[in-house]
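Visitor: I would like to go through this structure with you step by step. Could we begin with one helix and then move outwards?

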Amino acid sequence: MTQPYGFATLQIHAGSRPDPATGARQTPIYQTTAFVFRDADHAAALFNLQEVGYIYSRLTNPTVSVLQERIATLEGGAGAVCCSSGHAAQIMALFPLMGPGRNIVASTRLYGGTLTQFSQTIRRFGWSAKFVDFDDLAALESAIDDDTRAIFCEAIANPGGYITDLPAVGALADRMGLPLIVDNTTATPWLCRPIEHGATLVVHSTTKYLTGNGTVTGGAIVDSGHFNWSASGKFPSLSAPEPAYHGLKFHETFGPLAFTFHGIAVGLRDLGMTMNPQAAHYTLLGIETLSLRMERHVANAERIARWLEADPRIESVTYAGLPSSPWHHRVAQVCPRGAGALFTFAVRGGYEACVRLVNNLNLFSHVANLGDTRSLIIHPASTTHRQLSPEAQRAAGAAPNVVRVSIGIEDAGDLIADLDQALASATA
Ligand SMILES: *Cc1c(COP(=O)(O)O)cnc(C)c1O
């Protein structure tokens, strides 16, 4: 038996092979809208989902397909669908599960944009979200009702340095017969593999670490292939006959690939939140070095968090990689290679000091992004979390005296020197 390839090999090779037409070793950018059918029978078979192939790039594209296979492999899933952004991935993940009157139970600790998407925008579809503290498993269980169709959380939550107890939440989801959706954007599969802890679906903003260089937006939904969509009758989009495909039943026909096929054949076909081949190309280039970058991101974050924690100008640091964190004990089980590179710290001097700190940094860029090779900083209370009430800001770990950093892969000493001089002006 041949030995299975390791992560560093798969992040370069999974899904890609030399181009059959030219031998090109790097995955070509198939910059084409449509693909010629061999003949009328071939076209019919493709449209009936009897044969897998390429029709039109809103549905499938060879460059995007390589990325889908690579992300699915790195997450240990059965299949993946890429789409135009992380937020698109979240809608695409919920779309086959939900309907008017249905709800999801979501963690209070989420990316600010996700809190807005779930608390406001999805209501237009007749969907709703109930937010609970996922450390309170009893509250999580009692929030679930007959209309609940999914449980949603982030592995390492943005922005607060919080780690979800994925094994406990996964076991609860399993007992309740509900799919668990885990946003693994801030951890990446190098640090955390949610499917091994019971996740049904893993969603990504590939905009962040997977691409890693701040060039393109994108998203992905990985299906574990483990969920029985037909067991409860709650997921008719996947278990019942689909009128648009002559009564085809996705789960019965495609088994562990049901969610992935539905995501392409119905989700991308009708919602059209497609990733373009250029974006897939940049993300494929980024993924080749994912493990190397993440190791450096984590090493830098650990060093800078320790330095900040020891500094009298800082009130507190919320990094799960620090022994002082209430979630430090989860690192070994949930993300054994480190707690990521995203954390917040509270500055003495409150809102005003945070604004001055952000204004005085030279190397850190003040942007609404994370997971770039460059170090980034943002003041959530005045930006990403400004739509939320002060109460909700605090619950999300984004109080007015808090800044969030996404530590890059520069020299840690240079980053510390930059923080040191900016803190001096901010707290003078
Ligand atoms: C950025 C981000 C999103 C949204 O992704 P986009 O690509 O910006 O749409 C969702 N979840 C997390 C954790 C994120 O960091």
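Visitor: Is helix α11 mostly covered or uncovered?

Guide: Helix α11 is mostly covered, as 10 of its 14 residues are buried. Buried means under 20% relative accessible area, exposed means over 50%, and partly exposed lies in between, with a 1.4 Å probe and protein chains only. Helices are DSSP runs of H or I with at least four residues, strands are runs of E with at least two, and both are numbered from the N terminus. This is a predicted model, in which local features need pLDDT of at least 70, side-chain atom pairs count only at pLDDT 80 or more, and totals for chains, interfaces and linings use all residues. Residues are numbered from 1 along each chain as its sequence is written, and side-chain values use heavy atoms, with hydrogens and water left out.

Visitor: Which residues of α11 are buried?

Guide: Among them are A258, F259 and T260. The buried residues of α11 also include H262, G263, I264, A265, V266, G267 and L268.

Visitor: Where does α11 bend?

Guide: The helix, which covers residues 258–271, bends by about 30 degrees at I264. The bend at a residue is the angle between axes fitted to the seven residues ending there and the seven starting there.

Visitor: And what comes just after α11?

Guide: G272 follows, with a positive phi of about 70 degrees.

Visitor: Which residues other than glycine have a positive phi?

Guide: L49 is one of them, with phi near 60 degrees. H246 also has a positive phi, of about 55 degrees, and is not a glycine.

Visitor: Where are they, and is each buried or exposed?

Guide: L49 is in the loop between α2 (40–47) and α3, and it counts as buried because its relative accessibility is 18%. H246 lies in the loop between α9 (236–239) and α10 (250–254). With 72% relative accessibility, H246 counts as exposed.

Visitor: Let us change helix. How many residues of α12 are buried?

Guide: Of the 11 residues of helix α12 (residues 277–287), 8 are buried, so the helix is largely enclosed by the rest of the structure. The buried residues are P277, A279, A280, H281, T283, L284, G286 and I287.

Visitor: What do those pack against?

Guide: The buried residues of α12 pack against α1 (7–13), α3 (62–75) and α13 (290–309). Contact here means heavy atoms within 4.5 Å.

Visitor: Which residues does V64 in α3 contact?

Guide: V64 is found in helix α3 and is buried, with a relative accessible area of 6%. Leaving aside neighbours within four places in sequence, V64 is in contact with C82, M275, N276, P277 and A280. P277 and A280 are also among the buried residues of α12.

Visitor: What about R293 in α13, buried or exposed?

Guide: R293 is found in helix α13 and counts as buried, at 7% relative accessibility. Apart from neighbours within four places in sequence, R293 is in contact with Y209, L210, T211, G212, G286, I287, T373 and I409. G286 and I287 are buried residues of α12.

Visitor: One more residue, I91. What does it touch?

Guide: I91 touches Q117, I122, F125, W127 and M273, not counting residues up to four places away in sequence. I91 is found in helix α4 (residues 86–94) and is buried, with a relative accessible area of 10%. I91 and G267 are 176 residues apart in sequence and 9.5 Å apart in space, C-alpha to C-alpha.

Visitor: Now the whole chain. How many helices and strands are there?

Guide: The protein chain has 17 helices and 14 strands. Its radius of gyration is 22 Å, close to the 22 Å that the globule rule gives for 428 residues, so the chain is as compact as a globular protein of that length. That radius is taken over C-alpha atoms, and the globule rule is 2.2 Å times the number of residues to the power 0.38.

Visitor: What does the C-alpha trace span, and what share of the residues is buried?

Guide: Along its principal axes the C-alpha trace spans about 75 × 55 × 45 Å. Of the 428 residues, 55% count as buried.

Visitor: And what share of the contacts joins residues at least 24 apart?

Guide: Among contacts between residues at least 6 apart in sequence, 72% join residues at least 24 apart.
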